[in-house]
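Please walk me through this structure, from the overall fold down to single residues. I would like to know what is packed inside and how the parts of the chain come together.

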Amino acid sequence: MSRLTQAERDALPDSAFALPGRRYPIPDRNHARDALARASEFHHRGELSDAEYETIVRRAREVLDADE
């Protein structure tokens, strides 16, 4: 899993997160892949709504596609 220090996370703009509340940081490909994996896990456990899951998937894919 990719790690961000608290200072690195605090320095990210809100647009670098998949969900409001600065949840699911996706500033790069590694974090986008991690967000997809964690979102799938939490969605299957019922801890993310369908809408939240779809938002994370869409935003993470945007990051992954942008770096190609």
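Helices and strands are taken here as DSSP runs, with at least four residues for a helix and at least two for a strand, numbered from the N terminus. By that definition Pro25 lies in strand 2. The model is a predicted one, and every value below is computed from it.

The overall layout comes first. The chain contains 3 helices and 2 strands. Read from the N terminus, these elements follow the order α-β-β-α-α. The C-alpha trace spans about 30 × 25 × 20 Å along its principal axes. A compact globule of 68 residues would have a radius of gyration near 11 Å, and the chain agrees with this because its own value is 11 Å. Of the contacts between residues at least 6 apart in sequence, 45% join residues at least 24 apart.

Next, the surface and the charges. About 4,500 Å² of the chain is exposed, and carbon and sulfur atoms supply 48% of that area. The chain carries 11 positive and 14 negative charges, and the mean positions of the two sets are 2 Å apart.

As for the interior, 29% of the 68 residues count as buried. In soluble globular proteins, nonpolar side chains tend to be buried together. In this chain the largest nonpolar core has 12 residues: Ala18, Leu19, Tyr24, Ile26, Ala32, Ala35, Ala39, Leu48, Ile56, Ala60, Val63 and Leu64. Strand 1 (17-19), helix 2 (29-44) and helix 3 (50-66) are the elements that each give two or more residues to this core. Helix 3 provides the largest share, 4 residues. Ala60, one of the core residues, is in contact with Ile26, Ala32 and Leu36 once neighbours within four places in sequence are left aside.

Ala18 shows the core from the side of strand 1, where it is placed. Its relative accessibility is 3%, so Ala18 counts as buried, the cut-off being under 20%. Not counting residues up to four places away in sequence, Ala18 touches Arg23, Tyr24, Ile26, Thr55, Ile56 and Arg59. Among these, Tyr24 and Ile56 are also members of the core. Ala18 and Arg58 are 40 residues apart along the chain, yet their C-alpha atoms are separated by 8.6 Å.

From strand 1 the path leads into the loop before strand 2 (23-25), and Arg22 is placed in that loop. Arg22 has a positive phi of about 55° although it is not a glycine. With a relative accessible area of 26%, Arg22 is partly exposed. A positive phi is also found at Tyr24, about 60°, and Tyr24 is not a glycine either. Tyr24 belongs to strand 2. It is buried, because its relative accessibility of 14% falls under the 20% cut-off.

That brings the description back to Pro25 in strand 2. Is Pro25 buried or exposed? Its relative accessible area is 16%, so Pro25 is buried. Leaving aside neighbours within four places in sequence, Pro25 is in contact with Leu4, Arg9, Leu12, Ala16, Phe17 and His31. Of these, Phe17 falls within strand 1 (17-19), and His31 falls within helix 2 (29-44). Pro25 and Ser40 are 15 residues apart in sequence, and their C-alpha atoms are 15 Å apart in space.

How values were computed:
Residues are numbered from 1 along each chain as its sequence is written. This is a predicted model: local features need pLDDT of at least 70, side-chain atom pairs count only at pLDDT 80 or more; totals for chains, interfaces and linings use all residues. Side-chain values use heavy atoms; hydrogens and water are left out. The radius of gyration is taken over C-alpha atoms; the globule rule is 2.2 Å times the number of residues to the power 0.38. Buried means under 20% relative accessible area, exposed over 50%, partly exposed in between (1.4 Å probe, protein chains only). Contact means heavy atoms within 4.5 Å. Accessible areas come from the Shrake-Rupley method with a 1.4 Å probe; for residues, only the protein chains shown count as cover. Lys and Arg count as positive and Asp and Glu as negative; His and the chain ends are not counted. The place of a charge is taken as NZ of Lys, CZ of Arg, CG of Asp or CD of Glu. A nonpolar core is a set of buried Ala, Val, Leu, Ile, Met, Phe, Trp, Tyr and Cys residues joined through side-chain atoms within 4.5 Å.
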